Amino acid sequence: SQWIDVVEDKFKYKLDHFVIPGHYTDDVESILIPHGLIMDRIAKLAQIITSEYDNERIVVCCVLKGGHQFFSDLVNYMKKALNKEGKTLPMTLDFIRVKSYENDRSTGDVHVSMTEKELQELKGKNLLLVEDIIDTGNTMKKLLDTLSKYEFKSVKVASLLLKKTPLSCGYVPDYVGFAVPDLFVVGYCLDYNDIFRDLDHICAISETGKKKYAV
Ligand SMILES: Oc1ncnc2c1N=NC2
């Protein structure tokens, strides 16, 4: 398939085999995806994505806050990748703020931070939205609906993670790094109430961690 399928019991690395910040050792259960594997997969994604554009500028848009680590690493690799004509791909970078999670539940409403003027300027452009995780898919679906009234030349979505959840609305992004089990993952900028963004590996949060940082 087009992504790496993370199967919980097979992808369970012991915490003491890797470097974990001391302030998180009680708050994460196990490491699902070590940082090195994340980076190697992003290098490949960058080649796949870049190779599907022809000689045209694209706007790579980071969906904040969760997407920023994946966004910066992906863009760095894309700078060295080649498009379908074997040329480098000119990119402009943009940022969109979408808030939709409280604790580990989607609030269902999506606030887009870009102004009307900024959105109008993207008319006719190739947009690549970069997101950290697609869980139910409702946030991204709503975001795409919101953006659909602005005539982009193309809109594609790259997500580092796709959660295997029965709550999925069925939305699947154009590009996915890993499919992850139906549990709340943190690290590599994925947060739980803004905690764990400073953890390099993608981990499963522990019950201790869920309680400690619940709002
Ligand atoms: O598992 C998750 N971990 C962090 N953030 C989010 C998750 N699912 N939707 C948003």
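This is a short talk on the strands, helices, loops and cysteines of the structure shown above.

Before I begin, please keep in mind that what we are looking at is a predicted model, and that every value I quote is computed from it.

Let me start with strand β6, which covers residues 126–134, and in which nine of the nine residues are buried, so that the strand is largely enclosed by the rest of the structure. On one hand there is strand β3, residues 58–64, which pairs with β6 in the parallel sense over five bridges. If you want to find that pairing residue by residue, you can take Val60, whose bridge partner in β6 is Leu128, and then Cys61, whose bridge partner in β6 is Leu129. Strand β3 is also largely enclosed by the rest of the structure, because six of its seven residues are buried.

The other pairing I would like to show for β6 is with strand β7, residues 154–163, where the sense is again parallel and the count is eight bridges. Here a useful place to look is Leu127, which has Val155 as its bridge partner in β7. The connection deserves a word as well, since β6, helix α4, which spans residues 138–148, and β7 together make a right-handed β-α-β unit.

Now, the cysteines. How many disulfides does the structure hold? The count is zero. For anyone who wants the chemistry spelled out, a disulfide is a covalent bond between the sulfur atoms of two cysteines. Cys61 is in no disulfide, and the nearest cysteine sulfur to its own, that of Cys62, lies 7.3 Å away. Cys62 is likewise in no disulfide, with the sulfur of Cys61 as its nearest cysteine sulfur at 7.3 Å. The cut-off used for a disulfide is a sulfur pair within 2.5 Å. As for their surroundings, Cys61 is buried, with a relative accessible area of 1%, and Cys62 is buried too, with a relative accessible area of 0%.

Let me turn to the helices. In general, two packed helices are described by the angle between their axes and the distance between the axes. Helix α1, residues 35–50, and helix α2, residues 68–78, pack at an angle of about 60 degrees, and their axes are 8 Å apart. That angle makes α1 oblique to α2, and the way in which α1 passes α2 is a right-handed crossing.

Within helix α2 I would pick out Val75. Is Val75 buried or exposed? Its relative accessibility is 6%, so Val75 counts as buried. It also gives us a link back to the strands, in that Val75 and Val60 are 15 residues apart in sequence and 8.0 Å apart in space, taken from C-alpha to C-alpha. Val60, you will recall, is the residue bridged to Leu128 in β6.

There is also an open sheet of three strands, in the order β2-β10-β9, and the pairing in it is antiparallel. The edge strands are β2, at 28–33, and β9, at 185–186, each of which pairs on one side only. Between β9 and strand β10, residues 202–205, the antiparallel pairing runs over two bridges, and one place to see it is Val186, whose bridge partner in β10 is Cys203.

The loop between β9 and β10 holds two residues whose backbone I would ask you to inspect. Most residues other than glycine have a negative phi. Tyr188, found in that loop, has a phi near 50 degrees, a positive value in a residue other than glycine. Phe196, which lies in the loop between β9 and β10 as well, has a positive phi of about 80 degrees although it is not a glycine. Tyr188 counts as buried at 3% relative accessibility, and Phe196 is buried with a relative accessible area of 0%.

I will finish with Asp26, which has its place in the loop between β1, at 4–5, and β2. Unlike the buried residues I have just discussed, Asp26 counts as exposed, at 52% relative accessibility. What separates the C-alpha atoms of Asp26 and Gly209 in space? The separation is 6.9 Å, although the two residues are 183 residues apart along the chain.

How values were computed: Residues numbered from 1 in each chain as written. Predicted model: local features only at pLDDT ≥ 70, side-chain atom pairs only at ≥ 80, totals over all residues. Heavy atoms only, no water. Buried < 20%, exposed > 50% of the residue type's maximum accessible area, 1.4 Å probe, protein only. Helix = DSSP H or I, 4+ residues; strand = E, 2+ residues; numbered from the N terminus. Pairing = 2+ DSSP bridges. Right-handed = clockwise from strand over helix to strand, strands pointing away. Axes fitted to C-alpha atoms, helices over the stretch in contact; angles between N-to-C directions. Parallel < 35°, antiparallel > 145°, perpendicular 65-115°, else oblique. Left-handed = near helix turned anticlockwise from the far one by under 90°.
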